[in-house]
Structures are given as C-alpha cells and as structure tokens.
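Please look over the structure shown here, with attention to its fold, its nonpolar core and one leucine beside it.

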Amino acid sequence: MNNHSSHTSLRHSRQRDEILKLLRTTTSHPTADWIYQEMKKEFPHLSLGTVYRNLALLVEQGLVRKLESGSTFDRFEARLEPHYHLICSRCRVISDFDMPGYQEINERAARMTDFKIQGHKIEFFGLCSTCRAQQS
Ligand SMILES: [Zn+2]
Ligand SMILES: [Zn+2]
C-alpha cells in the first residue's frame, strides 16, 4: 500500500467514525441528506455518495440500523437495542417508543408457525403532539 492510498483510507474511516458519532448524538432518525449537511461543516469536500457508502458500511458492520420506510427516504439510527417507533403521518417525525413486549410477541408467533422467528418490527402511525396542536 502506498502512502497516498493509506492516507485516503484513513480519512475515509475518520469520516465513518464521525458519522457514527453524529448518529449517536441524535434521536431524530435522520436521513442520509441530513447527515451529509451536518458532516459538510467539518468535511467541506465530502460528497453525498460518500455518506451513503459509509452508512452502508456501518449498517453492514452492525453499528447502525437502517429504517426502511417505503415511499420516503431511508432513515438511520445508532440505537441498536430493539425498540418501536412512532411515526407522525403528517410531519414524518420518527420517535423512539419504549413499549415492552418484544419477547412475548416473538414467542406467540413462534407457537403459531414452524417458521423460526428471529425478531419483528412494528411501527405506530398517527399524529405527533405538535401536529395535533396545529390541527385544533
Ligand atoms: Zn407531526
Ligand atoms: Zn429508533
């Protein structure tokens, strides 16, 4: 490996560390674009493609979770332990919802099928308090 390429990969892993750090400081389940805008303050030459590549790597390494939300943009979070999400159908804000019950539902499903259950995903949809206040 020559000097140039080792320098480049070092810089790339630093950017990856910064993305992870950024995700660990927010509970807003941001999009890649939001991460890109934040990161650009420190890495002005950063491209959105690099952010996507780093995010994909972090997901692959199991350090970041991707929330796939069909029609809208993918959101990311660094909180790995299982939890539910509340999604506002109007402003699209996603908040964490710590409602217990994970094991129970897995076991219940396991009893009903010969499928080997490894986990499940539930998203609650509705209106957040801000949107509700604006409505009334
Ligand atoms: Zn809302
Ligand atoms: Zn979450």
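The chain has five helices and five strands, where helices (H or I, at least four residues) and strands (E, at least two) are DSSP runs numbered from the N terminus, and along the sequence they follow the pattern α-α-α-β-β-β-β-α-β-α. This is a predicted model, in which local features need pLDDT of at least 70 and side-chain atom pairs count only at pLDDT 80 or more, while totals for chains, interfaces and linings use all residues. Residues are numbered from 1 along each chain as its sequence is written, and chains are lettered from A and ligands numbered from 1 in the order in which they are written.

**Burial and core**
- Of the 136 residues, 12% count as buried, meaning that 20 or more other C-beta atoms, placed from the backbone, lie within 10 Å of a residue's own (exposed: 12 or fewer; partly exposed: in between).
- The largest nonpolar core, a set of buried Ala, Val, Leu, Ile, Met, Phe, Trp, Tyr and Cys residues joined through C-beta atoms within 7 Å, has 10 residues, including Ile19, Val51 and Phe76.
- Helix H1 (3–24), H2 and helix H3 (48–60) each supply at least two residues of this core.

**Helix H2**
- In H2 (residues 32–40), Ala32, Ile35 and Tyr36 are buried.
- These residues lie on the same side of H2 because they cover an arc of only 100° around the axis, taken from the directions from the helix axis to the C-beta atoms.

**Leucine 20**
- Leucine 20, in helix H1, is partly exposed because 16 other C-beta atoms lie within 10 Å.
- Leucine 20 and leucine 58 are 38 residues apart in sequence, yet 7.8 Å apart in space, C-alpha to C-alpha.
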